[in-house]
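Work through the exercises below with the structure open. Try each task before reading its solution.

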Amino acid sequence: MKPTHLQQLEAESIHVLREVAAEFENPVMLYSIGKDSAVMLHLARKAFFPGKIPFPLLHVDTTWKFREMIEFRDRMARDCGFELLVHRNEEGARQGVNPFTHGSALYTDIMKTEGLKQALTKYHFDAAFGGARRDEEKSRAKERIFSFRTETHRWDPKSQRPELWNIYNARVRPGESIRAFPLSNWTELDVWQYIYLEAIPIVPLYHAKERPVVERDGMLILVDDDRLKLRPGEQVRMKSVRFRTLGCYPLTGAVESTAAILPEIIQEMLLTRSSERQGRLIDHDQAGSMEKKKQEGYF
Amino acid sequence: MAHQSDLIAEDIHAYLKSQEEKSMLRFITCGSVDDGKSTLIGRLLWDSKMIFEDQLAALRADSKRVGTQGEGIDYALLLDGLQAEREQGITIDVAYHFFSTDKRKFIVADTPGHEQYTRNMVTGASTAQVAVILIDARKGLLTQTRRHSYLVSLVGIRHIVLAINKMDLVGYDAARFEEIRREYEAFAAGLGFAEVVAIPISALQGDNLLAQGANTPWYNGPTLMEYLETVPVAGAAADRPFRMRVQWVNRPHLDFRGFCGTVAAGTIRPGDAVAVASSGQTSRVARIVTMDGDLDEAVAGQAVTLTLVDEIDISRGEMLTPPEERPCLADSLEAKIVWMHEEPLVPGRSYLLKAGATTVPAQVRELSCKVNVNTLRHEPGKILALNEVGVCTVSLGRSIPFDPYRENRGTGSFILIDRMSNATVGAGMIERPRQRAAGHWLAIELDKKARAEHKGQKPRVLWFTGLSETGTSSVANLVEKKLHCLGRHTYLLDGEVLRRGLNRDLDHADPDPVEHVRRATETARILADAGLIVLVAVTAPCRNEQLFAPEEFVEIFVDTPLVVCEKRASDPHRKAGAGEVRAVIGSAAICARSEKPQITVAGGGRAPEEIAERIVAELFDGGIAEDDALLGSGI
């Protein structure tokens, strides 16, 4: 009875989830509602079955997420029975920080990065699960599964630790915390194959459907609500589109597609030649942007 | 070969079905940039079509700009990593790359080949099943080849691909290939590899990477990819006796108690008898629980939850095993340790050892010898520096179950953690248990030496003297706490406590210090005989030092000027003048000092914490609290 690669990946991820739950006082799972989060949630349910997941799931709501993401989030919390925490950077929301007037870099910094830091500080979490994978971007190839953060949530290259075998050094000083990435060795294809095999529910936006979009800055933006103000010359068109990655709707580009069911999505993914993050505007902003963001505590 | 098969486009459902049976392989590539390692990996990623269009465009642009291949694509650029270069201090990295074919998913660990990155290579190799050792066909075997081969052998890799690269630069000469292959075979004979497959390749031209190279018609072996796709991955662990460390105890409600963990070896089925390795308690497996339903069996690598027939309390860190095939159980072991930190290993220092889910205090008692990773020779040494490999004796705060590393990587490995910085400082591979604690109860004659060895320390009597206000007592208390944190087994004999108990019958109105001291001394002697470090904070005009062995007795004189004491003293019975000391039994203690106390620290105007720290520092500096070489040497 030889395990398949997905079974092996699954077992290794469950091992990481259990280890963090056992070694840390107050862990949390960062839930971004996307496909990687869906897999992480599924793995957490398996890791602690038949008990409940022994930590909450946290969503940092930037207030600009696709509406369908929010609906999906709340439904999952009800159906799976996990504790859902939703945090907003209230100060930023009060000041009306948004991607249109503030630009994507600043907006993300305030509503997402700062929001996350606020939540981590507020709830005193000492370990946060993230769905990041090593294959997502060059800067992540060298990331370890446990990533140590200072009291101010910064990533210092000097305080990271080598990871041997499947032994994880989980010792931290008061105030320090870690990010743990149970999906480190999963590729995008692994994630989709697993979703397919396990019939894991995902946000409908991943499936192609006729949706109202505008073309802006070389991307197809979904007109998700009336906060999107049309620029002169822009026209809303109904197109069959889907999303390869989910984020804040003004910053996430759709792709034209007819892949409505999961096998078609996977097929399209295998045949398409554009890497996943290319749809996310924030990655293009500054040189080595993901790494800068990691240093700043984003991830 | 890769995903660009027609099946994907024509029948995605059939394709997905075919993908459900893929296995996974982890391998490490050993070599340097000059050997073409980056080009090799880049080429594998490229050829398996895991490069996306935007990455491809970027690669073409980068190749033109900074590549080393002129107009051609420089595959090595695909592996460029973090923005901050190594100069910024990121020195523990292992880069992990992923690609897959129809048959397998691959995880490639890549580290620099230079000697200063030994710890990185050990890290990357620790989870790998195969090592691809690169050789530049022009240069043949180098020192680094030997080093890399030794390191992967040390870490337990048994399948080697000798990728003899740059064959295009030696005219694809079969004789040259053979020459190198034979030389390597001779060298590697002693390294315990199960298989060494030599393949002539050209990473740049693509010969024998995926397809048979047209330029090497004399070669009939597998291509690199063929080998990687077919080498058996089921580890040796599958055939070993069952082992599972309890990682998490699952108690959602009173009627369910499940022990969660990853099976480290063997197979387990409902009904199988299991034992808890450290306590010997036995039971049977009732169910193997997973969210996908109960299993009929679980094998090495699976993460499961076991329930037992009996209501046994098992905590995280314990190991479940078959009752008849138990692991070693010892609190002293011999291990090969690779030092991973800039601050060297100093024998005697206290660390934490983490093996799986078990964490215990540990001390490297002895560095028997070092292994020169380039010559593979054993050499003597006093300390183990960064990237060095040593054979060490490690003693633990308590017994732990384990198997020798060569039998099972999962149950024979550990890391050492520095207690202060929490850094991972060492990677250990257990060879064997040391001395008597081999898991059996033996009839042995217990004596002071045996008890002391059991605790990993030399018994001492630390007798505090000096004029102090709240006491020698509070300082002694702090010293005891510090020694305790450092892994020592201690006991504080406090005069106050004795007076209320053992010496309750003594007349305090008419103080009888001699008897008081005699009893304290005898008690200290008994405790030292039990192997403890005894701290004595008792007032006395004299001591019976003769009862103790000279190297055992340590007087610690806390020098506090009389004037300070008088100001602080609250006890109205206290009388003292310079040169004359009268002992009073009680909290405002005064202790006479001898002619030559072993340790003297200044006490005036200092906080007890400070004094205690000073004392502990002196104890270690003077080698008093350290272990004596006698204890560690082979017996």
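**Exercise 1. The interface between the chains**

Task: Find how many residues of chain A and of chain B are in contact, then break down the chain A side.

Solution.
Step 1. Count the pairs of sides: 56 residues of chain A contact 65 residues of chain B. Contact means that the C-beta atoms of two residues, placed from the backbone, lie within 7 Å.
Step 2. Assign elements. Helix 1 (5-23), helix 2 (35-48), helix 7 (188-198) and helix 8 (262-271) of chain A each give at least two residues to the side that touches chain B. Helices (H or I, at least four residues) and strands (E, at least two) are DSSP runs numbered from the N terminus.
Step 3. Pick the top contributor: helix 1 of chain A gives the most, nine residues.
Step 4. Sort by class. The chain A side has 22 nonpolar, 16 polar and 18 charged residues. Here Ala, Val, Leu, Ile, Met, Phe, Trp, Tyr, Cys and Pro count as nonpolar, Asp, Glu, Lys and Arg as charged, and the others, Gly among them, as polar.

A note on the model: it is predicted, local features need pLDDT of at least 70, side-chain atom pairs count only at pLDDT 80 or more, and totals for chains, interfaces and linings use all residues. Residues are numbered from 1 along each chain as its sequence is written, while chains are lettered from A and ligands numbered from 1 in the order in which they are written.

**Exercise 2. Helix 7 of chain A**

Task: List the buried residues of helix 7 of chain A, then say what covers them.

Solution.
Step 1. Apply the burial rule: a residue is buried if 20 or more other C-beta atoms lie within 10 Å of its own, exposed if 12 or fewer, and partly exposed in between, with C-beta atoms placed from the backbone.
Step 2. Read off the list: Glu188(A), Asp190(A), Val191(A), Trp192(A), Gln193(A), Tyr194(A) and Ile195(A) are buried.
Step 3. Look for the cover. It includes helix 1, helix 2 and helix 8 of chain A, together with helix 2 (12-19) of chain B.
Step 4. Check the end of the helix. Just after helix 7 of chain A, Ala199(A) takes a positive phi of about 55 degrees.

**Exercise 3. Two domains in chain A**

Task: Divide chain A into domains and describe the domain 1 side of their contact.

Solution.
Step 1. Set the bounds: domain 1 is 5-191 + 288-295, and domain 2 is 204-284. Such bounds come from an automatic or database domain assignment.
Step 2. Take the separation. The C-alpha centres of domain 1 and domain 2 of chain A lie 24 Å apart.
Step 3. Count the contact: 19 residues from domain 1 and 18 residues from domain 2 of chain A.
Step 4. Name the elements. On the domain 1 side, helix 3 (67-80), helix 5 (99-102), helix 6 (104-123) and helix 9 (289-295) of chain A each supply at least two residues. Helix 3 of chain A has the largest share, three residues.
Step 5. Sort by class: that side has seven nonpolar, five polar and seven charged residues.

**Exercise 4. Strands and cores of chain B**

Task: Trace the pairing of strands 1, 3, 4 and 5 of chain B, then locate the nonpolar cores.

Solution.
Step 1. Start with strand 1 (residues 23-30) of chain B, where seven of eight residues are buried.
Step 2. Pair strand 1 with strand 3 (residues 104-110) of chain B: parallel, seven bridges. Two strands pair if DSSP finds at least two bridges between them. Ile28(B) stands opposite Ala109(B).
Step 3. Pair strand 1 with strand 4 of chain B: parallel, four bridges. Thr29(B) has Val132(B) as its bridge partner.
Step 4. Pair strand 4 (residues 130-136) with strand 5 of chain B: parallel, seven bridges. Asp136(B) has Asn165(B) as its bridge partner.
Step 5. Inspect strand 5 (residues 159-165) of chain B: seven of its seven residues are buried. One side carries His159(B), Val161(B), Ala163(B) and Asn165(B), the other Ile160(B), Leu162(B) and Ile164(B).
Step 6. Find the largest nonpolar core: it has 193 residues, and Ala125(B), Ala131(B), Ala163(B) and Ile164(B) have the most contacts inside it. A nonpolar core is a set of buried Ala, Val, Leu, Ile, Met, Phe, Trp, Tyr and Cys residues joined through C-beta atoms within 7 Å.
Step 7. Add the other core, which lies apart, with 33 residues, among them Leu483(B) and Val601(B).

**Exercise 5. Confidence**

Task: Where in chain B is confidence lowest, and where highest?

Solution.
Step 1. Helix 16 (residues 629-632) of chain B is lowest, at a mean of 30, and strand 14 (residues 303-308) of chain B is highest, at 97. The scale, pLDDT, is the predictor's confidence in each residue, from 0 to 100.
Step 2. Residues 81-90 of chain B have pLDDT below 50.
Step 3. For the whole model, ipTM is 0.88 and pTM is 0.76.
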